[in-house]
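This short report looks at one part of a protein's surface and then at the spaces enclosed inside it. Please keep the sequence and the structure in view while reading.

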Amino acid sequence: MFNLLQSQAGHTIRAMIVLGTRPDAIKLAPVIRAMSDSPMFDPIIINSGQHREMLQPLLRTLGLKPHTDLMVMRNRQGLSELTGALLNALNTAVIAEGPDLVVVHGDTTTALCGALAAAYERIPVAHVEAGLRTGSLASPFPEELNRQIIGRIARWHFAPTARAAAHLYAEGIPERQVITTGNTVIDNLHWMRDRKKGKPAFRTDRLRILVTLHRRETQGVGMRDLASVLRHLADRGDSEVLLPLHKSPAVRESLVPTLKDHVGITVCEPLDYPDFIATLANCDLVMTDSSGVQEEAPSLGKPVLILRALTERPEAVEAGVARLVGVEPPRVLAAASQLLDDPAERTRMAQAVNLFGDGNAAHRIVSTLIQDWDSESMGLAP
């Protein structure tokens, strides 16, 4: 029987967890907590610094203390510059720390470079939230490309849903390396709500619309057009639009000129995670191009309009609790207006559904790593 206190190699598993963005931290925090609770693991947290300003307060909220902060981000840094800086810094960290495995999450540039840095040193990679696909490298960009590359590197593919697992099987990933776990974002949602912290940021009792926008492919003209839609919704007089602004200068330049100084629109700095969850739970409608919000909102029974051409999370759309409305202003305005005008339709969409997890994803991830460690069937030997 496998000894849970010690790996077959005779030592605890030194697991390097690489994060750098707010979604990374939210979705890897449950894994880090589960590893920290197990005598089997020695978790090492590496913060790439990709979203440094947005990440630091969140790390404190989640009780995460990185061993290393690489601080690679620079203002208006292009993808090539960011990728080169991250890969160099993470390769140095991997060599210095000498982990037994590297854990990455999702589709960020930090995840891509963490996986590459590990692969170059012949260290196995565990990919949390694996297998999501839109089928278009242009949407979301560069996230779809990042996911597909990580999918060719990882040894463990922790798929959040059966659909994500099926994508991996179709790409030739051996079934024994694909584990359907649920999404760790739901683990953390339960963890945060149990603590009953956070305050909603809405100012009025009008119909409350929570908006998040940040995608690269929409920045510029597309985002300015969406800002005009939000202004039209606020002009109704029965709605309050709340938009926590992403730190990206390109996002702010696209949105702020159109939205500022409107009495029905609250534009604010990014909300702390507890306040964001409380605000999400308090809203009547979500309009978003975010990935994590597409998972969190249905779990809280909030109707979602997805402001993207494609989504790698179609489960909510198929369940009828989200709609993929794209970014064309007439279509977005019509979809939002319909829901605001029709309380019965909002209620129909406002069903709390357990599409993306039951809150035990991190336990499944850590249990699998323990069971598979040093297993010849996983092909871990270099």
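## A nonpolar patch on the surface

In this predicted model, Leu137, Leu145 and Ile149 together make a nonpolar surface patch of about 220 Å². One of these residues, Ile149, has its place in helix H5, which covers residues 143–153. Ile149 counts as partly exposed because its relative accessibility is 30%, and the class called partly exposed lies between the buried class, under 20%, and the exposed class, over 50%.

## The largest cavity

Turning from the surface to the interior, the structure holds two cavities of 30 Å³ or more, and the largest cavity contains about 60 Å³ of space. This cavity is lined by 13 residues, of which Leu132, Thr161, Glu312, Arg313 and Glu315 are the closest to its centre.

Helix H6, made of residues 162–170, gives the largest share of the lining of the largest cavity, namely three residues. When the lining of the largest cavity is sorted by class, it has five nonpolar, five charged and three polar residues.

## The second largest cavity

Which residues line the second largest cavity? This cavity, with a volume of about 30 Å³, is lined by Val128 and Glu129, by Phe158, Ala159 and Pro160, by Thr181, Gly182, Asn183 and Thr184, and by Ile365. Sorted by class, the lining of the second largest cavity has five nonpolar residues, four polar residues and one charged residue.

Notes. Residues are numbered from 1 along each chain as its sequence is written. This is a predicted model: local features need pLDDT of at least 70, side-chain atom pairs count only at pLDDT 80 or more; totals for chains, interfaces and linings use all residues. Side-chain values use heavy atoms; hydrogens and water are left out. Patches are made of residues with over 30% relative accessible area and no salt bridge: like charges are joined within 9 Å, nonpolar side chains (Val, Leu, Ile, Met, Phe, Trp, Tyr) within 5 Å. Accessible areas come from the Shrake-Rupley method with a 1.4 Å probe; for residues, only the protein chains shown count as cover. A salt bridge is a side-chain nitrogen of Lys or Arg within 4 Å of a carboxyl oxygen of Asp or Glu. Helices (H or I, at least four residues) and strands (E, at least two) are DSSP runs, numbered from the N terminus. Buried means under 20% relative accessible area, exposed over 50%, partly exposed in between (1.4 Å probe, protein chains only). On a 1 Å grid over the protein atoms alone, a cavity is a set of points where a 1.4 Å probe fits but cannot get out, and a pocket is an open set with protein on both sides within 12 Å along at least five of seven lines; lining residues have an atom within 4 Å of a point. Grid points are joined across faces, edges and corners, and a volume is the space filled by probe spheres set on the points. Ala, Val, Leu, Ile, Met, Phe, Trp, Tyr, Cys and Pro count as nonpolar, Asp, Glu, Lys and Arg as charged, and the others, Gly among them, as polar.
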